[in-house]
Amino acid sequence: MSNITPQPGILDITLYQGGAAHVPGIANAVKLSSNENPFGPSEAAKDAFRKASYHLHRYPSSDHAELRGAIGEIFGLDPARILCGAGSDELISFLCQAYAGPGDEVIHTEHGFGMYRISALANGATPVEVPERERVTDVDAILGACTDATKLVFIANPNNPTGTMIGEGEVARLAAGLPDHVLLVLDGAYAEYVDGYDGGASLVEARQNVVMTRTFSKLYGLGGLRIGWAYGPDHVISVLARVRGPFNLSSAALAAAEAAVRDTDWAEKCREGNTRWRAWLAEALGEHGVPSDTSLGNFILARFATRAEAEACDEHLKSEGLIVRRVAGYNLPNCLRITVGDEASCRRVAHAVGQFMATAR
Ligand code: PMP
């Protein structure tokens with residue numbers, strides 16, 4: 001026995017279960033469980049990654065100036081107010097480290113992304129789960145849940161795993177209605193998939209209590225390299241800059257991300273592919289008796305009649321080499337989250353769900 005104990009909250013964290021990439025015995029299995037881009041990163045990003053490998057003995061840039069400059073240029077934002085992290089996961093972690101500790105509350109929504117809870121607990125803060133309205137963020141419920149102890153409110157818009165989103169007017173109402181000691185974090189991991197949506201950047205410009213997080217893991221197909229960025233008011237960015245280690249992003253990641261963000265043609269192709277096959281897949285599953293809410297992300301939340309039916313369908317999909325995500329851990333036990341793949345994968349999923357449903361009820 002030892003008396004070595006972790007900080008309060010740490011043992012309340014449920015270990016994150018990463019999805020498998022393979023099904024034993026099946027050669028052409030396809031992973032549709034992590035909302036990755038089925039088309040992969042742009043050739044320019046891969047090329048930049050390879051070139052960066054010539055200089056691996058050098059430390060990377062510590063201020064990320066080139067990547068921040070490229071993001072600023074492409075999205076029309078002030079690079080001085082951008083801060084880069086190892087995926088948006090790390091930004092969520094920085095935000096909790098900087099703003100939430102023992103005695104503080106961190107609000108997230110009922111089916112919100114799991115990292116909010118993990119990071120709150122890891123910093124000794126108390127995660128507070130707020131109900132949604134039919135799988136959609138409920139602004140009034142969030143405003144009603146705020147207390148003197150609330151420090152952060154996280155909402156993902158669009159949300160993972162529901163795929164739903166609230167309009168910019170609702171987000172603005174939330175930002176304006178929060179007590180002035182609360183920081184609103186708009187997680188825009190899927191923002192690029194939404195036509196004409198800036199992820200909340202204009203709200204960041206207009207207010208002092210909003211920060212936006214974004215990622216290169218989804219539309220840009222660089223999940224393996226771990227790159228995300230935050231855009232916020234000066235006072236927030238200067239706080240996060242103090243928490244961030246000087247070399248938190250590798251030189252290869254920085255180079256690939258810069259090339260990726262500049263390759264707007266590739267991003268547009270990926271976005272179009274997603275829009276097209278997401279609609280097709282949702283309709284095909286609906287025809288097989290499996291409904292889903294309109295998703296704005298690169299995945300669909302397929303709703304089954306019961307948990308047992310969802311799990312049996314998951315088993316069938318696996319036997320067909322299709323790896324999707326169970327979301328019971330997100331309080332959605334009768335659902336499966338299915339990443340929108342390329343055409344062939346979407347057709348395989350629709351076919352397999354059809355086979356399953358033909359015998360299920
Ligand atoms: N936020 C949301 C809503 C997500 O779905 C994810 C990834 N699943 C992340 C943040 C984290 O993404 P990353 O760390 O790869 O940027």
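Strand S3, which covers residues 105–109, runs parallel to strand S4 (residues 126–130) and is joined to that strand by five bridges, in what is a predicted model. One of the facing pairs between these two strands is His108, which stands opposite Glu129 of S4. The chain also links the two strands through helix H4 (residues 115–122), and S3, H4 and S4 together make a right-handed β-α-β unit.

Strand S3 has strand S5 as a partner too, and the pairings can be set side by side.

| Partner of S3 | Residues | Bridges | Direction | A facing pair |
|---|---|---|---|---|
| S4 | 126–130 | five | parallel | His108 and Glu129 |
| S5 | 150–156 | three | parallel | Val106 and Leu152 |

In a regular strand the side chains alternate between the two faces of the sheet. In S3, Glu105, Ile107 and Thr109 lie on one side, while Val106 and His108 lie on the other, and both faces are covered, since these residues are all buried. The strand is accordingly described as mostly covered, with five of its five residues buried.

On a wider view, the protein is divided into domain 1, made of residues 10–40 and 265–360, and domain 2, made of residues 43–263. The centres of the two domains, taken over C-alpha atoms, are separated by 25 Å, and their contact takes 30 residues from domain 1 and 24 residues from domain 2. On the side of domain 1 that touches domain 2, helix H10 (264–287) and strand S9 (299–303) each supply at least two residues, and H10 gives the most, with six residues. The residues of that side divide into 14 nonpolar, 10 polar and six charged.

Methods: Residues numbered from 1 in each chain as written. Predicted model: local features only at pLDDT ≥ 70, side-chain atom pairs only at ≥ 80, totals over all residues. Buried ≥ 20, exposed ≤ 12 C-beta atoms within 10 Å, placed from the backbone. Helix = DSSP H or I, 4+ residues; strand = E, 2+ residues; numbered from the N terminus. Pairing = 2+ DSSP bridges. Right-handed = clockwise from strand over helix to strand, strands pointing away. Domains from an automatic or database assignment. Contact = placed C-beta atoms within 7 Å. Nonpolar A, V, L, I, M, F, W, Y, C, P; charged D, E, K, R; others polar.
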